[in-house]
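Here are some notes for a colleague who is meeting this structure for the first time. Please read them with the sequence and the model side by side.

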Amino acid sequence: MGRPRRHDLDELLDHARKLWVRRGAAGVTIRGLSDAAGVSNGAIYNAFGSRDGLLAAVWAREASRFLEFQRHAVETSLVTAGSTDAVVAAATAPATYAASDELGAQLLLAVTLDDLVTPDLAESRRHELVELQRTLTALLTRLAHEHWGRDDRSAVTVIKYCVVDLPAALLLRADSVADPLAVHTLELAVRGVVSKPPPAPPP
């Protein structure tokens, strides 16, 4: 049985994403996706290799789209407003992104790379996830450098708290990812955190 066409793969990933958001990762099974999409188990295995490969493919597609959206928001803010607003733009990007893709924003906030890198994951999928992590790290490093003129571990970690950890903590607890009160609180928190530079790393 051959691999599904690109269009069919996108439809499979759409169905898997809905299952993931509504039922959690445990609710995404090959059989469940087969039933939801009307595609044979064999076609799904041919396309993704395993359930772990399927989950990684769903997340990687979402992360690729979002990171480009987030990068554009950061670049625009750096040009028009400055580094503080750029960090805020990066932190609130999931809420802005949710206006056009609520499911994608929920998934990206709820799932981390560590949740996906399993011993059974194919090397090609593992490499894809690692490259996405590098893309995010490069953005965090850029923000730390633009804001404090630093790219040491302490500075980048504080930016990560603002851009990754605080959004997950606040936006997922709200009624929706784009909840105005949660976004307001997130923006104030981020502005407060970046108002002073972090302690210098130990020598």
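1. A good place to begin is the pair H4 and H5, where H4 passes H5 in a right-handed crossing. Please keep in mind throughout that this is a predicted model. The axes of the two helices, H4 and H5, come within 8 Å and cross at roughly 145 degrees. Sorted by class, the residues in the contact of H4 with H5 are 11 nonpolar, 4 polar and 3 charged.

2. As for who takes part, the H4 side of this contact includes Glu-62, Arg-65, Phe-66 and Phe-69, together with others such as Ser-77 and Leu-78. On the H5 side, the residues that meet them include Ser-83, Asp-85, Ala-86, Ala-89 and Tyr-97.

3. Ser-83 deserves a separate look, since its place is in helix H5, which covers residues 83-98. Its side chain makes a polar contact with the side chain of His-147, at 2.7 Å. Setting aside neighbours within four places in sequence, Ser-83 is in contact with Leu-78, Glu-146 and His-147.

4. Turning to the interior, the largest nonpolar core has 62 residues, and those touching the most other members are Trp-20, Phe-48, Leu-54, Trp-59, Leu-143 and Ile-159. Helix H4, residues 51-80, gives the most to this core, with 12 residues. For Trp-20, the contacts beyond four places in sequence are Ala-25, Val-28, Leu-55, Val-58, Trp-59, Leu-107, Val-111 and Leu-116.

5. Helix H8, residues 123-148, is where Arg-125 has its place. Is Arg-125 buried or exposed? Arg-125 counts as buried because its relative accessibility is 18%, and the cut-off for buried is under 20%. Apart from neighbours within four places in sequence, Arg-125 is in contact with Ala-47, Phe-48, Gly-53, Ala-56 and Ala-57.

6. Ala-144 is also found in helix H8, and it is buried, with a relative accessible area of 0%. Not counting residues up to four places away in sequence, Ala-144 touches Gly-149, Arg-150, Ala-155, Val-156 and Ile-159. The C-alpha atoms of Ala-144 and Ser-195 are separated by 12 Å, while the two residues lie 51 residues apart along the chain.

7. Finally, a reader checking backbone details may wish to look at helix H2, residues 30-37, in which Ile-30, Gly-32, Leu-33 and Ser-34 are buried. Just after H2 comes Gly-38, which takes a positive phi of about 70 degrees.

Key. Residues are numbered from 1 along each chain as its sequence is written. This is a predicted model: local features need pLDDT of at least 70, side-chain atom pairs count only at pLDDT 80 or more; totals for chains, interfaces and linings use all residues. Side-chain values use heavy atoms; hydrogens and water are left out. A nonpolar core is a set of buried Ala, Val, Leu, Ile, Met, Phe, Trp, Tyr and Cys residues joined through side-chain atoms within 4.5 Å. Buried means under 20% relative accessible area, exposed over 50%, partly exposed in between (1.4 Å probe, protein chains only). Helices (H or I, at least four residues) and strands (E, at least two) are DSSP runs, numbered from the N terminus. Contact means heavy atoms within 4.5 Å. A polar contact is a pair of N or O atoms within 3.5 Å; within protein, one must be able to donate a hydrogen and the other to accept it, and residues adjacent in sequence count only if both atoms are side-chain atoms. Axes are lines fitted to C-alpha atoms, for helices over the stretch in contact, and angles run from 0 to 180 degrees between N-to-C directions. A crossing is left-handed if the near helix is turned anticlockwise from the far one by less than a right angle, and right-handed if clockwise. Ala, Val, Leu, Ile, Met, Phe, Trp, Tyr, Cys and Pro count as nonpolar, Asp, Glu, Lys and Arg as charged, and the others, Gly among them, as polar.
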